[in-house]
Structures are given as C-alpha cells and as structure tokens.
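Please open the model in your viewer and keep the sequence panel beside it, since each stop of this tour begins with a selection.

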Amino acid sequence: MAKDDYSGPIPLPIKIGGDGPELDACGTYAQVVDFDASGEDVPFVHDAPSAAAKVRDKLTSGQGVKVCETQNDFSGIVYAGDSQTDVDCKTNSPVATEQNYTGPCRSGWVDNRFLQMTAG
C-alpha cells in the first residue's frame, strides 16, 4: 500500500446492494491490469470518481477487487486490506437495501482503465 494511504471518511461513499436483495452486495469481480509502476499513470484509489479527488491508496497489479458501482469512467470498489481476505469484506452476500459501504475492508474509486472485469 502507499505510504500515505489513510482510512478517513470518504466524501462519496461506495454504494452496495444496487443489484437488488437477491444478488451479492457487489456483483462484479475485477483484477487490476498491468501498468507501468515506475510511471505516473498508476491505479490510485480516490475519494470520489475523479482523478482530481484525493488519493487514499494505490492498487497493485493482479490485485482483486469487488466492483460495486460505476460513475463516469470510474468504479466504486471494495477490496481487502492488510491481513484481510475477500470474505472479510462481506460483499459476497445480498443486502436487503442499497446502502453505503462502511467496512470493514477498504473502499474507494479507481479509473476503469486499470480494471479487467472477470466475473459478474
């Protein structure tokens, strides 16, 4: 993770449960695609669906994330943090109503060009 990552409140929270109460809270799984890690164009996780929004984290190549919603060219994602697994994120089961994701895993917005949807 980036040295300057933080877990403060996110200005535009990720919504889960948008596909209805019968489907997983976040129905799409994606992997971070290869990128030039030495360049400036890296998969930063932002506070909102904009490259101008504050950066809260950086993803790694091959890392798996759950895509919960999309806005503009960004995806609202939930992903496991240090010493967590995808199961800990609690996005693989339905929720009764659409709601903001409040944890326990990490969440934020990433540019879609860094994601390859693999399921969902």
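The tour goes from the whole chain to paired strands and then to the nonpolar cores.

This is a predicted model, in which local features need pLDDT of at least 70 and side-chain atom pairs count only at pLDDT 80 or more, while totals for chains, interfaces and linings use all residues. Residues are numbered from 1 along each chain as its sequence is written, and side-chain values use heavy atoms, with hydrogens and water left out.

Begin with the whole protein chain in cartoon view, where you will find zero helices and nine strands (DSSP runs, H or I of at least four residues for helices and E of at least two for strands, numbered from the N terminus). Of its 120 residues, 40% are buried (under 20% relative accessible area with a 1.4 Å probe, protein chains only).

Next, select strand E2, residues 28–32, together with E5, residues 64–71: the two run antiparallel and are joined by four bridges (strands pair if DSSP finds at least two bridges between them). Here Gln31 has Gly64 of E5 as its bridge partner. Then add E9, residues 115–119, which also pairs with E2 in the antiparallel sense over four bridges, and look for Tyr29 opposite Ala119.

Now show side chains for Ile14, Ile16, Cys68, Val78, Cys89 and Tyr101, which have the most contacts inside the largest nonpolar core, a set of 14 residues (buried Ala, Val, Leu, Ile, Met, Phe, Trp, Tyr and Cys joined through side-chain atoms within 4.5 Å). Apart from that core lies another of eleven residues, including Ala30, Val45, Leu59 and Leu115.

Definitions and conventions: Buried means under 20% relative accessible area, exposed over 50%, partly exposed in between (1.4 Å probe, protein chains only).
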